[in-house]
8 protein chains.
Amino acid sequence: MDTNEDWKTADLGFAQVDMDRERRNGFPEVIFGEGKSAEQIAAIMKELSGRSSRVLATRVDAVKAEQIVNAVEGAVYHSAARAITWRKSGLEAVESAGYVAVVCAGTTDIPVAEEAAVTVEWMGSRAERIYDVGVAGIHRLFARLEEIRDANAIIVVAGMEGALASVVGGLVSKPVIAVPTSVGYGANFHGFAALLAMLNSCAPGVTVVNIDNGFGAGYAAGLINKNRGVPAEH
Amino acid sequence: MDTNEDWKTADLGFAQVDMDRERRNGFPEVIFGEGKSAEQIAAIMKELSGRSSRVLATRVDAVKAEQIVNAVEGAVYHSAARAITWRKSGLEAVESAGYVAVVCAGTTDIPVAEEAAVTVEWMGSRAERIYDVGVAGIHRLFARLEEIRDANAIIVVAGMEGALASVVGGLVSKPVIAVPTSVGYGANFHGFAALLAMLNSCAPGVTVVNIDNGFGAGYAAGLINKNRGVPAEH
Amino acid sequence: MDTNEDWKTADLGFAQVDMDRERRNGFPEVIFGEGKSAEQIAAIMKELSGRSSRVLATRVDAVKAEQIVNAVEGAVYHSAARAITWRKSGLEAVESAGYVAVVCAGTTDIPVAEEAAVTVEWMGSRAERIYDVGVAGIHRLFARLEEIRDANAIIVVAGMEGALASVVGGLVSKPVIAVPTSVGYGANFHGFAALLAMLNSCAPGVTVVNIDNGFGAGYAAGLINKNRGVPAEH
Amino acid sequence: MDTNEDWKTADLGFAQVDMDRERRNGFPEVIFGEGKSAEQIAAIMKELSGRSSRVLATRVDAVKAEQIVNAVEGAVYHSAARAITWRKSGLEAVESAGYVAVVCAGTTDIPVAEEAAVTVEWMGSRAERIYDVGVAGIHRLFARLEEIRDANAIIVVAGMEGALASVVGGLVSKPVIAVPTSVGYGANFHGFAALLAMLNSCAPGVTVVNIDNGFGAGYAAGLINKNRGVPAEH
Amino acid sequence: MDTNEDWKTADLGFAQVDMDRERRNGFPEVIFGEGKSAEQIAAIMKELSGRSSRVLATRVDAVKAEQIVNAVEGAVYHSAARAITWRKSGLEAVESAGYVAVVCAGTTDIPVAEEAAVTVEWMGSRAERIYDVGVAGIHRLFARLEEIRDANAIIVVAGMEGALASVVGGLVSKPVIAVPTSVGYGANFHGFAALLAMLNSCAPGVTVVNIDNGFGAGYAAGLINKNRGVPAEH
Amino acid sequence: MDTNEDWKTADLGFAQVDMDRERRNGFPEVIFGEGKSAEQIAAIMKELSGRSSRVLATRVDAVKAEQIVNAVEGAVYHSAARAITWRKSGLEAVESAGYVAVVCAGTTDIPVAEEAAVTVEWMGSRAERIYDVGVAGIHRLFARLEEIRDANAIIVVAGMEGALASVVGGLVSKPVIAVPTSVGYGANFHGFAALLAMLNSCAPGVTVVNIDNGFGAGYAAGLINKNRGVPAEH
Amino acid sequence: MDTNEDWKTADLGFAQVDMDRERRNGFPEVIFGEGKSAEQIAAIMKELSGRSSRVLATRVDAVKAEQIVNAVEGAVYHSAARAITWRKSGLEAVESAGYVAVVCAGTTDIPVAEEAAVTVEWMGSRAERIYDVGVAGIHRLFARLEEIRDANAIIVVAGMEGALASVVGGLVSKPVIAVPTSVGYGANFHGFAALLAMLNSCAPGVTVVNIDNGFGAGYAAGLINKNRGVPAEH
Amino acid sequence: MDTNEDWKTADLGFAQVDMDRERRNGFPEVIFGEGKSAEQIAAIMKELSGRSSRVLATRVDAVKAEQIVNAVEGAVYHSAARAITWRKSGLEAVESAGYVAVVCAGTTDIPVAEEAAVTVEWMGSRAERIYDVGVAGIHRLFARLEEIRDANAIIVVAGMEGALASVVGGLVSKPVIAVPTSVGYGANFHGFAALLAMLNSCAPGVTVVNIDNGFGAGYAAGLINKNRGVPAEH
């Protein structure tokens with residue numbers, strides 16, 4: 001284990017910011033914006049931007065976002081994703097070859113898909129968006145299949161019964177990360193139906209993140225794609 | 001309401017057999033074999049066969065079945081379906097035009113699918129079996145699609161994540177009855193995952209029965225197909 | 001499988017509308033209004049109305065409905081059902097013989113029952129409403145029994161313990177589609193009690209849809225009744 | 001609170017038998033036989049029989065029962081109920097006027113119904129058994145309705161969807177105690193479906209006990225009927 | 001079964017009021033006020049008051065109550081119970097000897113306890129209130145024990161872990177009806193913890209109603225106490 | 001058991017205050033503020049302060065707190081903990097040697113941690129706060145490990161997956177009390193995930209309280225530390 | 001953090017035994033016997049006994065125990081607790097003043113209570129057993145109250161509704177550790193009912209361990225009592 | 001979409017083997033052995049081995065395995081993993097650079113970890129096993145940290161509270177795939193506790209598969225590592 005000198009924490013009073021995470025995990029601590037004030041988010045972003053290559057805050061509504069973007073130079077708000085990104089000036093927009101496909105079933109799943117896509121992009125990978133291709137009209141999926149198959153990692157975002165993850169998983173040779181969304185009602189139980197479906201997928205190679213956790217899927221896909229070339233064939 | 005004379009019950013001591021059900025529901029009371037002895041099942045079958053056009057007993061294992069078939073003349077055991085049928089001599093094997101498609105996802109779903117198919121046939125309809133066409137290899141489904149689309153009612157039997165019901169539902173113009181099976185493990189919760197998925201299907205026209213309830217699905221499909229002609233077009 | 005030319009999608013930016021569904025499924029894509037703006041619903045309705053025989057949008061509140069009805073010529077709002085329908089001029093109001101009985105247990109179940117009934121009617125079938133006939137006063141049900149028994153399909157809408165589905169199922173010879181509603185409190189768990197009850201119905205021929213899913217039940221019943229004559233006897 | 005002298009306990013080593021319960025609760029401690037050996041049950045029965053008017057042991061299988069009946073003079077085994085009773089010689093078989101109706105839905109519910117009925121009888125009340133009258137053949141219930149309505153308390157035992165409790169509750173003016181049974185499969189969840197249904201009954205006056213708890217229902221009904229005359233009218 | 005003439009229903013357009021229930025069940029249909037407007041409640045109360053000995057509406061907030069009380073002559077609002085009662089002029093306030101004890105654990109359980117008590121009184125029985133005697137300070141319960149033991153039926157209302165029902169059940173010889181309340185937080189799951197505890201009570205004679213269902217408990221207790229004399233001894 | 005004279009209750013009308021609890025339990029009854037008005041809380045505090053060494057009210061928001069602090073002399077509001085304390089003048093601030101470590105995983109867990117810490121202090125023990133040391137940056141925990149190990153009892157407050165309790169439990173020789181918080185989303189189920197994780201901790205010596213129950217953990221830890229000296233070694 | 005030299009692990013091939021735990025946690029690693037063979041358990045016990053003051057193995061059935069006791073010199077089997085203990089020769093049987101009270105509700109809870117008691121004793125504390133004092137006969141509890149109140153920590157073991165934990169918690173001034181057991185049936189859900197009840201206890205100072213986890217409760221109580229004197233007063 | 005000629009299925013009577021999957025997914029269909037006979041598994045293996053580079057069958061017990069290995073030339077049984085592999089002669093044992101770390105918490109998690117490791121190896125990647133390093137003795141994990149950090153993908157297998165996934169996730173810069181196991185008891189609910197914990201992990205980059213699904217995790221990790229070089233730095 002590394003010596004204590006390597007582990008750094010910034011004490012902001014209301015938070016102990018983990019300043020060592022980029023060295024340890026490849027990317028700095030990400031700010032979960034829900035339940036934090038605009039002032040707090042801005043303060044953490046500033047602290048992190050002083051020592052990191054990039055900063056990400058998720059679950060930020062438009063009102064807080066405006067304040068933060070005004071306070072943190074270079075910060076950009078992605079309204080559909082409800083996320084704020086900051087990247088050190090001079091950093092390449094796309095650092096990795098290859099791309100991540102972000103596939104979603106319905107239009108109401110788009111905010112979660114966007115959180116995933118913005119996370120992928122913030123990590124320096126390209127995200128290819130393939131939206132509203134749910135299995136009730138499966139031809140929409142087949143029309144985009146080549147793009148999906150050529151990705152290095154595939155994120156599938158779906159609510160209701162979450163069947164899209166299994167269908168995609170059965171057609172590709174790349175890791176699939178499934179994100180259940182809380183879209184649905186009644187016996188959907190706020191995304192639990194889709195979560196269970198995805199965990200029980202009959203297609204191998206499908207892994208799952210928490211309900212509505214677009215960020216988590218984007219992060220895992222970003223790690224998979226990092227430093228990886230375009231596959232020679234599929 | 002009809003007068004009491006119309007409602008008849010046969011008192012076998014261990015059971016009050018509903019002798020009026022064929023008049024009221026179109027088909028006589030069906031015997032749920034689990035937890036009943038071979039003697040009891042045989043006694044009820046005999047009682048019913050005296051006054052009904054046909055008799056059905058479900059969830060009967062092979063050992064009990066042998067005893068029953070020996071005791072009840074004309075009774076036939078369907079081992080894959082674990083069901084015994086009896087039909088009055090002279091009754092047409094197929095009384096209705098058109099047919100019911102019975103589709104299942106994997107080989108382990110077959111016993112439930114067979115219970116459904118045998119029920120359909122016992123009701124006088126033709127059952128078309130289309131097995132092992134799960135979404136992990138979706139081309140197997142497309143290869144049989146025309147047969148499925150031409151049915152008057154479609155039963156989809158699937159365990160694990162139950163995605164097949166939604167995929168089929170999105171491709172046809174007939175009522176789909178989905179049967180979740182208890183095939184799976186872990187977060188499948190003995191079929192609960194597939195049940196929730198099917199209840200939340202994004203494809204309209206899908207209705208659902210209890211986990212492993214092949215009989216229930218067959219019965220509903222048999223009612224839909226009864227007296228119905230082959231559809232002119234789809 | 002059909003060639004790609006047959007599969008059509010209209011790209012509205014915020015949605016990929018499935019323009020092929022009427023050919024494939026007999027009825028066009030239905031718009032789930034929850035979470036969509038009045039503008040979006042109106043735009044999809046216009047797009048669909050250009051190429052479809054009819055259009056349906058569900059879960060639309062009165063405020064949004066007013067805007068939509070003003071924007072889409074020929075659109076009609078059904079406030080009790082919270083649904084908007086549009087039918088091509090010249091289309092017969094009733095295209096099928098026979099009818100669907102829509103039965104509900106209590107007055108608080110009526111919105112769900114109306115969603116079912118309006119869906120049935122939109123599909124060109126007649127819907128016979130039989131409301132507030134729950135089992136606590138079972139004579140109310142018996143008084144309407146003949147109407148129920150003569151239908152080609154029966155929808156039973158009930159909250160609380162959902163017992164009405166089993167009682168009706170035991171008295172008829174037609175397929176029964178049960179809709180649990182979220183009416184109740186405490187150990188009702190937002191309709192889960194009624195859902196489980198209906199899935200476990202002791203009456204055969206009962207199939208179930210998601211909690212509060214009046215549309216789904218109406219759609220399945222509409223498919224059953226489509227092109228079907230009045231039954232000769234029951 | 002009473003002084004300590006009034007509270008008595010018999011220490012059998014493996015159990016602290018509550019010898020005061022008959023004074024306090026009207027009836028002595030009842031022995032739950034599951035997980036106890038025949039020797040232990042016999043020992044407790046002997047201890048209690050020395051100081052009580054009656055003794056009851058529930059959940060006793062036939063093998064253990066034989067040993068116990070041999071060891072405890074006057075003990076009687078009720079095999080359908082899986083219960084052993086002992087009543088002090090000279091005690092009236094029926095001590096209370098009026099009776100308790102024990103109604104059950106199907107033949108597989110009979111063991112639970114019998115446990116209830118034997119408990120009622122052990123408490124000195126008459127039990128009227130009305131079995132196999134489930135709602136799938138509701139005429140069987142109406143045929144016995146007068147007997148049910150004239151009871152002082154009504155026990156309704158049902159598995160699957162438990163609808164019988166609500167139907168009975170809507171037809172009578174006496175307290176109804178509902179017992180869900182674990183009869184069913186799949187989404188029945190070992191009686192949970194019937195339990196929820198009964199707790200959500202739309203008929204007032206229905207109270208519920210634990211799944212398969214025939215004893216509990218019998219005990220509550222026995223207390224209600226105790227010392228109570230035949231009602232003048234209903 | 002009675003002839004149809006005996007079964008009466010009043011059609012108010014928005015509801016089919018069961019006018020036969022007092023004859024059948026001893027008491028008229030009770031109005032569940034939640035989700036009904038003041039006008040609707042008032043209309044049903046007027047309809048029922050014309051043909052019934054008494055009327056009860058539950059779950060009525062203060063704002064609606066004021067309107068209703070102004071509209072229905074003789075109606076009385078019980079604010080703590082959130083219930084409105086009406087009794088025919090000339091009816092005895094107390095029609096039955098004996099009384100029902102209504103016991104509750106904490107002050108936050110009082111609204112549910114009051115709903116129970118008001119229901120008991122509306123049915124013509126006396127209710128003895130014994131409030132805030134939870135097991136954390138068990139001496140408060142022992143101080144009131146004699147009053148509890150002398151009742152003909154005992155209602156125990158408790159949230160959190162619901163232990164009071166078992167403690168009371170172990171000390172009395174009368175039927176105990178337990179009402180779990182939704183008081184609590186976290187792993188209480190809105191009353192589910194107390195519900196399960198009460199269903200599993202180690203004290204016999206305890207039956208249970210739905211979470212927060214004070215009315216249901218009061219109704220069952222009122223039926224038990226009806227026409228019953230003060231017990232000679234306990 | 002003590003005679004009745006020892007058990008005292010103050011009847012405030014809306015509550016039966018247990019005035020005997022300090023003698024019996026070492027500390028007086030604690031007021032759960034949620035659902036009580038400022039007036040009620042103030043009245044109970046005054047009643048208790050007349051006969052107790054100290055008074056505590058939890059779950060009090062800032063608006064109510066201001067009123068109460070104005071009404072009750074000596075009352076102090078702890079806004080982060082949402083608690084009001086009162087201690088008899090002359091009482092030592094710290095009555096026990098040793099201290100309780102209050103450890104929390106993230107900044108959003110702080111309100112629950114503060115409720116625990118304030119409870120500990122109110123009971124006369126010292127609380128050492130060690131906040132925002134979750135396992136995603138485990139070096140933050142190791143940096144504070146000595147402080148944690150020297151405590152007499154350790155409270156670990158964590159939401160999400162609650163892993164911190166197991167990690168701490170594996171590193172110390174003192175009792176650990178784990179508090180799951182409702183921090184998280186999706187399959188967190190309002191703290192249920194963390195609750196289950198803590199109950200299943202692989203580290204021995206970990207006990208658990210209800211979700212968000214900082215008070216309960218603080219109370220148990222306060223009892224453990226009471227009258228206990230600084231441990232000689234660990 | 002300590003240097004790596006301090007952390008020791010013994011590699012037995014099938015297990016990495018943590019040889020440092022006694023230094024770190026005060027007591028060595030405890031062996032969970034379920035799923036391990038007698039040979040494996042014996043091997044780990046021997047390894048640990050070479051470097052530890054004591055060794056404990058839980059969940060060991062009688063067959064395996066005989067083999068282990070024969071193989072490990074000084075090992076003792078406690079059949080009621082299903083545990084094997086070994087203590088270094090010369091170690092005091094009781095190392096701490098004061099004692100732990102182990103209270104249980106029914107005879108079927110005794111195995112879990114014994115696991116707790118044996119754990120307490122293995123840790124060098126005295127365990128006072130107070131068994132079969134459930135709330136259905138609450139006088140049995142009051143008869144033993146003084147012994148309970150004088151303990152330094154109290155373990156309460158109960159199945160069914162788990163009410164005993166709250167009742168005890170309301171009568172003492174020491175930490176209470178509640179152990180739900182899986183004793184019960186139906187809506188007990190294998191101990192879940194008692195677990196929820198205990199987590200929601202209205203008595204403060206109650207903490208909870210996993211269902212049937214007698215060891216965990218004993219361990220926590222042993223830590224609380226360690227090095228602690230008899231309390232001067234209570 | 002590819003033409004039908006590309007999609008091949010082998011009809012074995014009892015199964016429709018997907019012969020096209022290796023082309024489509026990179027690896028052939030994997031045989032889930034549970035519920036299939038030795039004969040069936042052997043037949044499918046033979047069929048697949050004729051057209052595929054490799055074959056894998058999981059969940060095969062030792063008895064069936066012996067038969068299969070005898071029947072299928074070149075098949076190898078991995079008893080700890082309960083899996084059978086077959087690889088075309090001439091195929092490189094390791095086809096990809098880099099490796100997958102398979103980390104597990106306790107010895108009882110090893111079968112699931114082995115299923116993962118064998119799957120990884122079957123796919124042509126190297127698997128580094130790091131077993132029995134659970135958080136109760138966290139130094140065991142730190143001792144192996146460098147090996148874990150240098151992997152291209154990390155599988156973490158843990159039962160009980162599943163905390164290991166979060167701890168590992170916080171220390172590495174590679175994708176972590178978490179496998180909850182059903183190891184545990186009581187409120188573990190057969191692995192549900194660990195599943196929820198892993199889905200709620202506070203460490204980003206953690207994705208999750210079904211309970212006990214070692215194969216699924218191995219497959220996803222094998223896809224990630226495929227064709228990927230040893231990372232230059234971490």
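The following exchange concerns chain pairs in a predicted model and the grounds for the terms applied to them.

Author: In this predicted model, local features need pLDDT of at least 70 and side-chain atom pairs count only at pLDDT 80 or more, while totals for chains, interfaces and linings use all residues. Residues are numbered from 1 along each chain as its sequence is written, chains are lettered from A and ligands numbered from 1 in the order in which they are written, and side-chain values use heavy atoms, with hydrogens and water left out.

Reader: What makes chain C and chain B partners in contact?
Author: Contact means heavy atoms within 4.5 Å. By that criterion, 36 residues of chain C meet 36 residues of chain B.

Reader: How do you know what area is buried between chain C and chain B?
Author: The size of an interface is often given as the accessible area lost when the parts come together. Buried area is the accessible area (1.4 Å probe) that two parts lose on being put together, summed over both. For chain C and chain B the value is about 3100 Å², and carbon and sulfur atoms give 56% of it.

Reader: How many salt bridges and how many polar contacts does the rule find across the interface of chain C and chain B?
Author: A salt bridge requires a side-chain nitrogen of Lys or Arg within 4 Å of a carboxyl oxygen of Asp or Glu; the rule finds zero salt bridges between chain C and chain B. A polar contact is a pair of N or O atoms within 3.5 Å; within protein, one must be able to donate a hydrogen and the other to accept it, and residues adjacent in sequence count only if both atoms are side-chain atoms. Twelve residue pairs, both members at pLDDT 80 or more, satisfy this rule across the interface of chain C and chain B.

Reader: Which elements of chain C each supply at least two residues of the side that touches chain B?
Author: They are α1 (21-25), α8 (192-199), β11 (206-208) and α9 (214-225) of chain C. The largest share, five residues, comes from α9(C). Helices (H or I, at least four residues) and strands (E, at least two) are DSSP runs, numbered from the N terminus.

Reader: Why are chain E and chain D described as related by a two-fold rotation axis?
Author: Copies are superposed by least squares on the C-alpha atoms of residues with pLDDT of at least 70 in both. A rotation of 180° with 0.0 Å of shift along its axis places chain E on chain D, with RMSD 0.0 Å. The two copies are therefore related as by a two-fold rotation axis. In chain E, the C-alpha nearest the axis belongs to Val208(E), 2.5 Å from it.

Reader: How do you know which surface the copies E and D meet through?
Author: Of the interface residues of chain E, 97% are also interface residues in chain D, so the copies meet through the same surface.

Reader: Why is helix α8 of chain B called largely enclosed?
Author: Buried means under 20% relative accessible area, exposed over 50%, and partly exposed in between (1.4 Å probe, protein chains only). Eight of the eight residues of α8 (residues 192-199) of chain B are buried, so the helix is largely enclosed by the rest of the structure. Among the buried residues are Phe192(B), Leu195(B) and Met198(B).
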